[in-house]
Amino acid sequence: MIHTHTALGGMVVAPHHLAAQAGRDVLRDGGTAVEAMVAAAATIAVVYPHMNAIGGDGFWLIHDPAQGSAPPLAIDACGPAAAAADIGWYARQGHTQAIPSRGPLAALTVAGTVGGWARALASTAGWQAPLPLARLLADAIRHAEQGCTVSVSQHGLNHQKLAELRPQPGFADTYMPGGTVPAVGSLLRQPALAATLQALAQDGLDSFYRGTLAARIAAGLASVGSPVTAADLAAYSALLVAPLRVQLQEAEVFNLPPPTQGLAALLILGLFDRLSVQQAEGFDHLHGLVEATKQAFLVRDRVVTDRGRLPADPQSYLEPGALDARARPIDMQRALPWPQPAAPGDTIWMGAIDGQGRAVSFIQSVYWEWGSGVVVPDTGICWQNRGISFALDPKALNHLQPGRKPFHTLNPSLARFADGRVMPYGTMGGEGQPQTQAAVYTRYARFGQPLQQAVSAPRWLLGRTWGDVSTSLKLEPRFDPSLVSQLRAAGHTVELVADAFSDTMGHAGALVRHPDGRIEGAFDPRSDGAAAGW
């Protein structure tokens, strides 16, 4: 698919069509890009439960053309470790090497995404008269009450992870009606989640953290053995932060600061910008981006952690002199020996642009598929396991400490071009997120490919993503065999994946608004998504 969707009134891109349509309908009702994104975020938490949930985290970039050259608004909606969650607490539970990846002990951080919705709405309330919160959550509530059809990826991942997910509190009752993995196309109803969303619509988003709903959430977490308490929820609020930025030849690109790996996404582009690659899809393009990725990950793994203990200013790595110095060791003929450790993740990225040119790049996640696997009793909320990225070694950069934020693979991007175009873009996919972003950006922005082609074209992944353990350079089989041979000859450990459009490569999307008001949107054929405009 290379046809790019276009619209004038507004557009939303999401990896599930019902989420894109929910956001599009809010735009059509006169809502802003931020309001559309809240509607899409709530909806996708219902219809794509293996990829995200309201028990997870989120990050925002919000562009307002009325602000001129000011950087976009950036929101960190990542929750910290519970006050009780420290290395000693886990030792007393019998865990000294690593935090368990599933179950109540994996549910150790506050879920921040709903707080991010609230912060985004409050921060843009001056744009115009707001739509009622009940309107924004209406589609999500309806899909939870009436049911949504089980997707191919939900069915497959449920089967694949059945042994580790079935035993977790509330999982089977919520996602396996009748005790079996639901078939593709079957109807999944989530009445408890519908009631929770209805409570948010009636009492406000703040009720997730303070009030009756918060008390129910805290009681449910306590009953299954999570360390997250009512006090942890009440202490939380999403933060406005200064975005990171890198200047490229054709655009300035923004992303989130630590604890996200936004630094890596921008480093890849900044380094590739200095390699003088002239042609898309050839050896120089792929090899250059892969080698830039290696350099970016080496920096990321030394720098990215909770902002309270950063060893260096992340923006300093994106200054021209620093990028020049880090690009010099890149050999455009030979691959740097690899691998480095990697981490999996499950996430959704979505974008929205309204008729006034306001744009949102948003990402929401529970980390692994279904996160901890714990569904909080009486709420229908599946809780994330993002905290398992903490180390139990006190000497590690990202060691566990109460109130600290975990390392995040999440990172939404937004580019502002010298000619006036604005491009929110992003993807899910753990280690693959910054790599796929670089593929989409360079194909569209540097080499002029149509937006949908830039998303649909064959992709690669250095390292691993959700559901994968190898750290080779994985390529979709649609690449030219001669290019594959060149990469192997240069020293890359190449692995061809089975599927032509592989989930391993993530679910990407992008929007572009042109100065004349045209909006283009592209969604990933690897997903169940859509680009919905009007």
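Q: What makes T174 count as buried?
A: In this predicted model, T174 has a relative accessible area of 17%. Buried means under 20%. The value of 17% falls under that cut-off, so T174 is buried.

Q: Where does T174 lie, and which residues is T174 in contact with, leaving aside its neighbours within four places in sequence?
A: T174 lies in helix 8, residues 171-175. With those neighbours left aside, T174 is in contact with L188, R189 and V375.

Q: Why is Y236 called buried?
A: The relative accessible area of Y236 is 4%. The cut-off for buried is under 20%. Y236 is under it, so the word applies.

Q: Where is Y236 found, and what is Y236 in contact with, leaving aside its neighbours within four places in sequence?
A: Y236 is found in the loop between helix 11 (230-234) and strand 7 (239-241). Beyond its neighbours within four places, Y236 is in contact with D76, A77, C78, G79, P80, V110, G112, G115, Y209 and R210.

Q: How many residues along the chain lie between the positions of Y236 and A140, and what separates their C-alpha atoms?
A: Y236 and A140 are 96 residues apart along the chain. Their C-alpha atoms are separated by 24 Å.

Q: How do you know that strand 2 is mostly covered?
A: Strand 2 spans residues 10-14, and five of its five residues are buried. Take the faces in turn. One side carries G10, V12 and A14, the other M11 and V13, and all of these are buried. Both faces of strand 2 are therefore covered, with buried meaning under 20% relative accessible area.

Q: Why are strand 2 and strand 21 said to pair?
A: Two strands pair if there are at least two bridges between them. Strand 2 and strand 21 (residues 530-533) have four bridges, so they pair. The sense is antiparallel. In this pairing, V13 stands opposite A531.

Q: What makes helix 12 oblique or roughly antiparallel to helix 13?
A: The axes of helix 12 (residues 262-272) and helix 13 (residues 283-303) cross at roughly 140°. Roughly antiparallel needs an angle over 145, and roughly perpendicular covers 65 to 115. The angle fits neither class, so helix 12 is oblique to helix 13. The two axes come within 8 Å, and the crossing is right-handed.

Q: Which residues meet where helix 12 touches helix 13, and how do they divide by class?
A: Helix 12 brings L263, A264, L267, I268, L271 and F272. Among the residues they meet in helix 13 are L289, A292, F297 and R300. The contact divides into twelve nonpolar, four polar and two charged residues.

Q: Why is helix 1 called roughly antiparallel to helix 5?
A: The axes of helix 1 (residues 17-28) and helix 5 (residues 133-146) cross at roughly 150°. Angles over 145 count as roughly antiparallel, so helix 1 earns that name against helix 5. Their axes come within 9 Å. This crossing is right-handed.

Q: Which residues make the contact of helix 1 with helix 5?
A: Helix 1 gives L18, A22, D25 and V26. Helix 5 gives R135, L136, D139 and H143. By class, four are nonpolar, one is polar and three are charged.

Q: What makes strand 1 and strand 8 edge strands?
A: Seven strands form an open sheet in the order 1-20-19-15-14-9-8, with antiparallel pairing. Strand 1 (5-7) and strand 8 (244-247) each have a single partner strand, so one side of each is left without a neighbour in the sheet. The twist averages 20° from one strand to the next.

Q: How do you know that strand 9 and strand 14 pair?
A: Four bridges join strand 9 (residues 251-255) to strand 14 (residues 413-417). At least two are needed, so the two strands pair. F254 stands opposite L414 in strand 14. Helix 15 (residues 432-446) packs on the sheet and touches strands including strand 9 and strand 14. The direction of helix 15 makes about 145° with that of strand 15.

Q: Which strands stand at the edges of the sheet in the order 16-17-18?
A: Three strands form this open sheet, and the pairing is mixed. Strand 16 (460-462) and strand 18 (494-496) are the edge strands, as each pairs on one side only.

Q: Why do strand 16 and strand 17 count as a pair?
A: The minimum is at least two bridges, and strand 16 and strand 17 (residues 473-475) have three, so they pair. Their sense is antiparallel. W460 has L475 as its bridge partner in strand 17. Helix 13 packs on this sheet, touching strand 16 and strand 17.

Definitions and conventions
Residues are numbered from 1 along each chain as its sequence is written. This is a predicted model: local features need pLDDT of at least 70, side-chain atom pairs count only at pLDDT 80 or more; totals for chains, interfaces and linings use all residues. Side-chain values use heavy atoms; hydrogens and water are left out. Axes are lines fitted to C-alpha atoms, for helices over the stretch in contact, and angles run from 0 to 180 degrees between N-to-C directions. Contact means heavy atoms within 4.5 Å. Angles under 35 degrees count as roughly parallel, over 145 as roughly antiparallel, 65 to 115 as roughly perpendicular and the rest as oblique. A crossing is left-handed if the near helix is turned anticlockwise from the far one by less than a right angle, and right-handed if clockwise. Ala, Val, Leu, Ile, Met, Phe, Trp, Tyr, Cys and Pro count as nonpolar, Asp, Glu, Lys and Arg as charged, and the others, Gly among them, as polar. Buried means under 20% relative accessible area, exposed over 50%, partly exposed in between (1.4 Å probe, protein chains only).
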